[in-house]
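Work through the following exercises with the coordinates open, and compare each step with the solution given beneath the task.

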Amino acid sequence: MFEKLRETARELLSKGEVECVLGFAEGTLPMFYTPYLARKPEEAEKLVYGPFAAPNIATYLRKLKGKKAAVIVRGCESRTINLLISEKQLNRDDVKIIGVPCVGALDRKRILKDYGGEIREARIEGEKVIVKGDNGEKAYVLEEYISPSCRSCLYPEAIDPDIKIEGPSRDGEKADFSDIERIEKMSPAEKWEFFEKELSKCIRCYACREICPMCYCDSCFVDSNRPVWVEPGFDYSDILSFHLIKMYHMAGRCVDCGACERACPLGIRLSFLTRKLTKDMKEAYNFVSGLSPEEKPALGVFSPDDREDFIL
Amino acid sequence: MKDEPKILAFLCNWCSYAGADLAGTSRIQYPTNIRVIRVPCSGRVNPQFIVKALHDGLDGVWISGCHIGDCHYQTGNYYARRRFYVIKNLLEYVGVEPERVQFSWVSASEGKKFAEVARVVTEKVKKAGRAKRLAKKR
């Protein structure tokens, strides 16, 4: 299944076109690929791709700045790379983009929950995820366990890749924001209750920040103690302030890859917030982030006739 | 005075702050609920300030700058307009009462409009009541 990709990577490395190939490899946990950097041609044998790859690979690419690297990307990851280039965090000439087909990323926590016991082995067979463990062998329909962000994905395929690996991919079907619209229609009190229930689980481990390819500031507002933007502790007002300010920083920069949600150890549905941003940006400014490396972030530009129905 | 809401107002130095000044020198009455912070431009107002103000217990936040096209720095309020749209939407989305955060454009010659908007903002914030949600209980 991965022959084409491995061959391509091997060739790039042996010809010396790139110093390394960044992608995923089998990890130590079932249903979880680990980011992997192949430096020698023979290491290309380990490269894989598919729904078990939870993070956004661009997070790791940024750390290779200055090196000639090839990177194996899905649609969201290629858009992230475009954003990083437009924010001068990467050089387009340093990166060779290998696009792979994407059927979406697996919502691993939901399978763990539905399975019950410990899972020791997992593999993908066609449209199904087969898991083995405490409760014997069980099969789950992949499409039903895809991350919410992937469900509303408009660009499953890499944008302008240098090399493209063909294969079955998600249909770039019309984005479905019906759950966001449902929340928007609630009264303020209902919204408050809904988000309090969802977000008050947050222990502020900042895993969502660490995994986010666009959260690359050297000093983050949450670490600042002069002024203290968010105080430590479990008060919901602090938790919410953190999420609000983080989301504001992501406006027009978030590609809605869903990596933050998959990284959250408490299973908070952060996609309720990221997808709202995506929806707002599309509706208000007809803006989809990361479609081209020349494009500026939505909040870094303006138009004289921007909407102002909210101004007194 | 205990039940009177406190509203934090960010006024831009070149227009709205001068508008407030004009309202004062013209002896126009307006509600005393607002507490003014003078900023160089509405573009100086980081939406983080709004979240922080509500978190710290202010009942409302009002941001006012020059009219579109009149910015002293040419484009500051154009950028501000986009930022405010995003943060206002986000705040409403998570359940903060929409009345709490208000924006307006008031020029230096609009003393009367300043007083009028101050009244409208105060009424709206009073309708939402004292801040209970995002405000941290201490």
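**Exercise 1. Locate P227(A) among the helices of chain A, and state which kind of peptide bond joins R226(A) to P227(A).**

Solution. P227(A) lies in the loop that runs between helix 8 and helix 9 of chain A, where helices (H or I, at least four residues) and strands (E, at least two) are DSSP runs numbered from the N terminus. The bond joining R226(A) and P227(A) is cis, with an omega of about 5°. A second backbone feature is found at R204(A), in the loop between helix 7 (188-199) and helix 8 of chain A; the phi of R204(A) is near 50°, a positive value in a residue other than glycine. For context, most residues other than glycine have a negative phi, and most peptide bonds are trans.

Residues are numbered from 1 along each chain as its sequence is written, and chains are lettered from A and ligands numbered from 1 in the order in which they are written. This is a predicted model, in which local features need pLDDT of at least 70, side-chain atom pairs count only at pLDDT 80 or more, and totals for chains, interfaces and linings use all residues, while side-chain values use heavy atoms and leave out hydrogens and water.

**Exercise 2. State where in chain A the confidence is lowest and where it is highest.**

Solution. Begin with the chain as a whole: the mean pLDDT (the predictor's confidence in each residue, from 0 to 100) of chain A is 90, and 99% of its residues reach 70 or more. Then go to the elements: confidence is lowest in helix 5 (residues 148-151) of chain A, with a mean of 88, and highest in helix 9 of chain A, at 94.

**Exercise 3. Describe how helix 9 and helix 11 of chain A meet.**

Solution. First take the geometry: the axes of helix 9 (residues 236-250) and helix 11 (residues 271-285) of chain A come within 10 Å and cross at roughly 35°, the axes being lines fitted to C-alpha atoms, for helices over the stretch in contact, with angles from 0 to 180 degrees between N-to-C directions. Next list the residues in contact (heavy atoms within 4.5 Å): H243(A), M247(A) and M250(A) of helix 9 meet L273(A), T274(A) and L277(A) of helix 11. Finally sort the residues of this contact by class, which gives four nonpolar, two polar and no charged, where Ala, Val, Leu, Ile, Met, Phe, Trp, Tyr, Cys and Pro count as nonpolar, Asp, Glu, Lys and Arg as charged, and the others, Gly among them, as polar.

**Exercise 4. Identify what lines the largest cavity and the second largest cavity.**

Solution. A cavity is a set of points, on a 1 Å grid over the protein atoms alone, where a 1.4 Å probe fits but cannot get out, and lining residues have an atom within 4 Å of a point. The largest cavity is lined by 20 residues, and C212(A), M250(A), C254(A), D256(A) and C257(A) lie nearest its centre. Helix 3 (75-86), helix 9, helix 10 (259-263) and helix 11 of chain A are the elements that give two or more residues to this lining, which divides into 11 nonpolar, five polar and four charged residues. The second largest cavity has 14 lining residues, the closest to its centre being C202(A), C205(A), C208(A), C264(A) and I268(A). Here helix 8 (207-211) and helix 9 of chain A give two or more residues each.

Definitions and conventions
1 Å grid on protein atoms, 1.4 Å probe; cavity = no way out; pocket = protein on both sides within 12 Å on 5 of 7 lines; lining within 4 Å.
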